[in-house]
Amino acid sequence: IRAKETVLHSNIRAIRNSIDEYSFDKQKAPQSLQDLVSAGYLHDVPNDPIAQTRDWNIIMEDAGQAVNSSEPGIYDIRSKSNKVSPLDGTRYSDW
């Protein structure tokens with residue numbers, strides 16, 4: 001479990017960093033995680049080892065606070081797992 005949680009933390013951090021770098025460089029947030037791959041910010045969309053999928057819960061920007069208000073994009077991602085970590089008692093979807 002600890003190894004899977006470590007990978008989950010690492011993959012979430014990699015995606016979040018890629019979203020930030022893309023948004024800074026392009027002056028707009030990505031519209032999909034595939035945009036990060038196509039633009040070379042990620043080699044591939046990382047796997048969520050807890051939910052066992054490459055599909056993530058996507059949190060979109062609020063248009064009023066978007067990097068580019070005419071084209072809001074991805075602000076953050078979360079795990080699709082509704083399980084609770086046995087190590088710290090928090091939901092993976094809250095990480």
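Select I58 and show what surrounds it: setting aside neighbours within four places in sequence, I58 is in contact (heavy atoms within 4.5 Å) with L33, I74, D76 and I77. I58 sits in strand 1, residues 57-60. Helices and strands here are DSSP runs numbered from the N terminus, with H or I over at least four residues for a helix and E over at least two for a strand. Now check the surface: I58 counts as partly exposed because its relative accessibility is 38%. The scale for that is under 20% relative accessible area for buried, over 50% for exposed, and partly exposed in between, using a 1.4 Å probe and protein chains only. Before leaving, draw a distance from the C-alpha of I58 to that of S70: the two are 12 residues apart along the chain and 19 Å apart in space.

A word on what you're looking at. This is a predicted model, in which local features need pLDDT of at least 70 and side-chain atom pairs count only at pLDDT 80 or more, while totals for chains, interfaces and linings use all residues. Residues are numbered from 1 along each chain as its sequence is written, and side-chain values use heavy atoms, with hydrogens and water left out.

**Zoom out**

Switch to cartoon and colour by secondary structure. The protein chain has 2 helices and 2 strands, and going along the sequence they come in the order α-α-β-β. Along its principal axes, the C-alpha trace spans about 40 × 30 × 15 Å. How does the radius of gyration compare with that of a compact globule? A compact globule of 95 residues would have a value near 12 Å, and the protein chain has 14 Å, which agrees. That radius is taken over C-alpha atoms, and the globule rule is 2.2 Å times the number of residues to the power 0.38.

Turn on the surface next. About 5700 Å² of the protein chain is accessible, and carbon and sulfur atoms account for 45% of that; the areas come from the Shrake-Rupley method with a 1.4 Å probe, and for residues only the protein chains shown count as cover. Of the 95 residues, 35% are buried. As for contacts with a separation of 6 or more, 47% are between residues 24 or more positions apart.

**Helix 1**

Select residues 2-26, which make up helix 1, and find T6 there. A polar atom of the T6 side chain lies 2.9 Å from the backbone oxygen of R2. For a long reach, measure from T6 to A63: their C-alpha atoms are 33 Å apart, with the two positions 57 residues apart along the chain.

Stay in helix 1 and move to N11. Is N11 buried or exposed? N11 counts as buried because its relative accessibility is 15%. Beyond its neighbours within four places in sequence, N11 touches P46, N47, P49 and W56.

**Between the helices**

Step to Q27, in the loop between helix 1 and helix 2 (33-38). Look at the backbone here: phi of Q27 is positive, about 60°, although Q27 is not a glycine. At 49% relative accessibility, Q27 counts as partly exposed.

**Helix 2**

Now pick L36, in helix 2. L36 has 0% relative accessibility, so it counts as buried. Which residues are in contact with L36, leaving aside its neighbours within four places in sequence? Show I15, S18, I19, Y22, P30, Y41 and L42 as sticks, and you have the list. You can also measure from L36 to S23: 13 residues apart in sequence, 10.0 Å apart C-alpha to C-alpha.

**On towards strand 1**

Q52 is in the loop between helix 2 and strand 1. Its phi is near 55°, a positive value in a residue other than glycine. Q52 counts as exposed, since its relative accessibility is 60%.

**Last stop: after strand 2**

Finish at S81, in the segment after strand 2 (74-78). S81 is buried, with a relative accessible area of 6%. Show its side chain and you'll find the backbone nitrogen of K83 at 3.1 Å. Apart from neighbours within four places in sequence, S81 is in contact with D48, I50, A51, Y92 and S93.

Definitions and conventions. A polar contact is a pair of N or O atoms within 3.5 Å; within protein, one must be able to donate a hydrogen and the other to accept it, and residues adjacent in sequence count only if both atoms are side-chain atoms.
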